[in-house]
Amino acid sequence: MTVTLTDGALTAKADAFGAKLVSLRDADGREYIWQNKEDFWPDRAGVLFPTSGRLYGGCITYGGKKYDMPLHGFALTSTFTVAQRSERGVTFSLTSDKKTLAVYPFPFRLEVTYSLSGARLNVRQDVYNTGSEELYCAPGFHPWFNVPFDEKSGYDDCIVTFPNATDPKQCIMSDKVLDTGERMAAGGGFRLAHSLFSRDALMFEGTGDTVKLICEKTGKTMTIERYGLPYIGFWQIAHSHARLLCVEPMSALPGREGVTEDWSTRPSAIRVNAGGKASVGMSISIG
């Protein structure tokens with residue numbers, strides 16, 4: 001089921017399968033979400049829950065038991081229900097069941113809300129702990145954008161900036177895109193080039209709460225703001241020339257190389273008390 005939201009400056013479409021954003025158009029009809037017209041990759045803008053990124057060995061432990069966990073969790077391949085809907089907003093809901101408890105030992109309800117306000121799309125994840133013990137999670141987002149934003153620009157005409165960064169560092173990943181623990185000064189951003197992604201994703205910390213994408217030829221911009229998501233990744237299909245950029249705000253980095261993570265000790269995992277709630281979110285503004 002696809003839900004359409006409108007608010008003059010933007011029109012968004014979100015699907016109950018994965019609670020994912022499948023379209024974002026401006027008043028001129030320009031599409032900002034990857035539509036796979038070049039047949040490079042079928043996905044678009046998944047919601048990451050209960051984990052972001054890969055885990056060493058494809059699993060995570062808790063209470064002495066090992067649980068298999070797919071890349072980015074299971075929410076992006078789950079069918080949500082529509083809990084609330086209006087012309088400018090929609091809330092999707094996913095509740096734990098026997099299938100989720102087999103890979104994630106915590107009862108939960110996950111709500112994903114999209115709302116439009118002029119040229120800004122707000123996205124929020126609310127995680128409710130419906131169990132009697134502490135819940136751990138590492139949520140995030142995974143929007144794929146058509147970059148550059150117009151046919152006049154090339155990929156290397158676009159730059160990524162961190163306008164309010166404090167001490168930006170690139171988190172060096174292994175060949176399997178796991179955290180090596182190494183860090184490298186990142187500066188205020190970088191210019192896009194397909195070759196940047198020859199070893200998969202780029203991951204950063206200390207970038208502040210804002211990332212701006214700028215097409216220098218046209219001055220077209222996209223600003224992504226986030227809360228509760230201190231890490232951010234960028235991904236492109238390696239060895240391709242696809243006109244896309246995946247931006248990945250995350251609450252935690254991928255798992256550590258050589259370490260079988262445990263939910264109770266995973267770095268930066270969010271803890272939610274029994275009966276409690278945790279929220280993370282982002283916004284996408286077009287300028």
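Which backbone oxygen does the side chain of serine 251 reach? I looked this up before anything else. The model is a predicted one. In it, the side chain of serine 251 reaches the backbone oxygen of proline 139, at 2.8 Å.

**Entry: serine 251**

I placed the residue next. Serine 251 sits in the loop between strand 22 (244-250) and strand 23 (270-272). I then asked whether serine 251 is buried or exposed. Its relative accessible area is 2%, and the cut-off for buried is under 20%, so serine 251 is buried. I listed its contacts, setting aside residues up to four places away in sequence. Serine 251 touches Ser52, Ala138, Pro139, Gly228, Leu229, Pro230, Tyr231, Ser268 and Ile270. Proline 139 is thus on the contact list and also supplies the backbone oxygen at 2.8 Å.

**Entry: positive phi**

Ser268, a contact of serine 251, has a backbone angle I noted. Serine 268 is not a glycine, yet its phi is positive, about 70 degrees. Serine 268 lies in the loop between strand 22 and strand 23. I find serine 268 partly exposed, at 34% relative accessible area.

Aspartate 200 gave me another case. Its phi is positive at about 85 degrees, although aspartate 200 is not a glycine. I located aspartate 200 in the loop between strand 17 and strand 18. Aspartate 200 is partly exposed, with a relative accessible area of 22%.

**Entry: aromatic pairs**

I searched the whole structure for ring pairs. The search finds 19 aromatic pairs. I took tryptophan 144 and tryptophan 235 as one of them. Their ring centres are 5.3 Å apart and their planes stand at 55 degrees, so I log the pair as tilted. Tryptophan 144 is in strand 13 (residues 144-146) and tryptophan 235 is in strand 21 (residues 231-235), so the pair ties together parts 91 residues apart in sequence. Tryptophan 144 is buried at 2% relative accessible area. Tryptophan 235 also counts as buried, at 12% relative accessibility.

I then took phenylalanine 190 and phenylalanine 204. Their centres lie 5.7 Å apart and their planes are at 10 degrees, so this pair is stacked. The pair links distant parts of the chain, 14 residues apart. Phenylalanine 190 belongs to strand 17 (residues 189-191), and phenylalanine 204 to strand 18 (residues 202-205). Both phenylalanine 190 and phenylalanine 204 are buried.

I also traced a cluster. Ring pairs join Phe49, Tyr62, Phe74, Tyr104, Phe106, Phe108, Tyr136 and Trp263.

One charge over a ring went into the notes. The charged end of arginine 109 sits over the ring of tyrosine 128, 4.1 Å from the ring centre.

**Entry: nonpolar cores**

How many residues are in the largest nonpolar core? I get 72. Those with the most contacts inside it are Tyr104, Tyr114, Phe234 and Leu245. I followed tyrosine 104, leaving aside neighbours within four places in sequence. Tyrosine 104 is in contact with Phe49, Pro50, Tyr67, Met69, Phe74, Leu135, Tyr136, Cys137 and Trp263. A second, separate core has 16 residues. That core includes Trp144, Ala201, Met203 and Tyr231.

**Entry: cis peptide bonds**

I checked omega next. Phenylalanine 49 and proline 50 are joined by a cis peptide bond, with omega at about 0 degrees. Proline 50 lies in the loop between strand 4 (46-48) and strand 5 (59-62). Both Phe49 and Pro50 appear among the contacts of tyrosine 104.

The bond from valine 147 to proline 148 is also cis, and its omega is near 5 degrees. I place proline 148 in the loop between strand 13 and strand 14 (158-161).

**Entry: cysteines**

How many disulfides does the structure hold? I found zero. Cysteine 59 is in no disulfide, and its nearest cysteine sulfur, that of cysteine 137, is 19 Å away. I find cysteine 59 buried, with 6% relative accessible area. Cysteine 171 is in no disulfide either. The nearest cysteine sulfur to cysteine 171 is that of cysteine 246, 16 Å away. Cysteine 171 counts as buried, at 1% relative accessibility.

Technical notes. Residues are numbered from 1 along each chain as its sequence is written. This is a predicted model: local features need pLDDT of at least 70, side-chain atom pairs count only at pLDDT 80 or more; totals for chains, interfaces and linings use all residues. Side-chain values use heavy atoms; hydrogens and water are left out. Rings of Phe, Tyr and Trp (its six-membered ring) pair if their centres lie within 6.5 Å; planes under 30 degrees apart count as stacked, over 60 as edge-to-face and the rest as tilted. Helices (H or I, at least four residues) and strands (E, at least two) are DSSP runs, numbered from the N terminus. Buried means under 20% relative accessible area, exposed over 50%, partly exposed in between (1.4 Å probe, protein chains only). A charge sits over a ring if NZ of Lys or CZ of Arg is within 6 Å of the ring centre and within 35 degrees of the ring normal. A polar contact is a pair of N or O atoms within 3.5 Å; within protein, one must be able to donate a hydrogen and the other to accept it, and residues adjacent in sequence count only if both atoms are side-chain atoms. Contact means heavy atoms within 4.5 Å. A nonpolar core is a set of buried Ala, Val, Leu, Ile, Met, Phe, Trp, Tyr and Cys residues joined through side-chain atoms within 4.5 Å. A disulfide is a pair of cysteine sulfur atoms within 2.5 Å.
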